[in-house]
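Good morning, and thank you for joining. I should like to take you through one structure, beginning with a term that will be needed shortly.

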Amino acid sequence: DGTTRDGPPCPPATDFVLHISEQWPAADEDGDGMVPRGHACMRNLQPPHPGDPGGGGGPRTVVGDCVYALDGGKVRETACDGSGPRRPEFKVTKAVDARSECPASTVLYVRLGGASPVGCAVPV
């Protein structure tokens, strides 16, 4: 129940997030007049799993994911094997606490969140 900010983040292997809202009051599961709101962390029953490292999707960027640059210093995830709509430009190779802990080969820093919030990325 609640918003994604209220609870723990989805596990790294999540393929997509299903948002639950009050748009369908007929779906009142227990008759209390309330429909739960929140989110569900979903995993495809069979491959492909875009939430896996390098898979090109999922709600979180993790070590092993590839990204491409956008204007304004932002990045978007894409499949490392090049099967996505955009070719990968960088691969996140390490997660650290601060930029200064990234290897010298790092050319891009990616915000990951979590215990080690800085992703160190190298060109692919």
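By a salt bridge I mean a side-chain nitrogen of Lys or Arg within 4 Å of a carboxyl oxygen of Asp or Glu. Please bear in mind that the model before you is predicted.

With that rule, the count comes to 2 salt bridges. One of them pairs Asp15 with Arg43, where the closest N and O atoms are 3.4 Å apart. Asp15 belongs to the segment before strand 1, whereas Arg43 sits in the loop between strand 2 and strand 3, so this pair ties together parts that are 28 residues apart in sequence. Arg43 also forms a salt bridge with Asp52, and here the closest N and O atoms are 2.8 Å apart. Asp15, Arg43 and Asp52 are thus linked in a network of salt bridges.

Which of these residues are buried, and which are partly exposed? Asp15 has a relative accessibility of 5%, and because buried means under 20%, Asp15 counts as buried. Arg43 is partly exposed, at 37% relative accessible area, and Asp52 is partly exposed as well, at 27%.

Let me turn to the overall fold. The protein chain contains 0 helices and 7 strands. Of its 124 residues, 26% count as buried. The accessible surface comes to about 8200 Å², and carbon and sulfur atoms account for 53% of that area.

How are the strands of the sheet ordered? An open sheet is formed by 5 strands in the order 4-3-5-7-6, with antiparallel pairing. Its edge strands are strand 4 (75–78) and strand 6 (108–111), each of which pairs on one side only. From one strand to the next, the twist averages 45 degrees. Within this sheet, strand 3 (residues 66–69) and strand 5 (residues 90–96) pair in the antiparallel sense over 2 bridges. Cys66 has Lys91 in strand 5 as its bridge partner.

Two further local features deserve mention. Most peptide bonds are trans. Pro47 and Pro48, however, are joined by a cis peptide bond, with omega at about 10 degrees. Pro48 lies in the loop between strand 2 (38–42) and strand 3.

The other feature is on the surface, where Phe16, Leu18 and Ile20 form a nonpolar patch with about 240 Å² of accessible area together. Ile20 is part of strand 1 (residues 16–20), and at 37% relative accessibility Ile20 counts as partly exposed.

Thank you for your attention.

Key:
Residues numbered from 1 in each chain as written. Predicted model: local features only at pLDDT ≥ 70, side-chain atom pairs only at ≥ 80, totals over all residues. Heavy atoms only, no water. Helix = DSSP H or I, 4+ residues; strand = E, 2+ residues; numbered from the N terminus. Buried < 20%, exposed > 50% of the residue type's maximum accessible area, 1.4 Å probe, protein only. Areas by Shrake-Rupley, 256 points an atom, 1.4 Å probe, with all protein chains shown as cover. Pairing = 2+ DSSP bridges. Axes fitted to C-alpha atoms, helices over the stretch in contact; angles between N-to-C directions. Patch = residues over 30% accessible without salt bridge, like charges linked within 9 Å, V, L, I, M, F, W, Y side chains within 5 Å.
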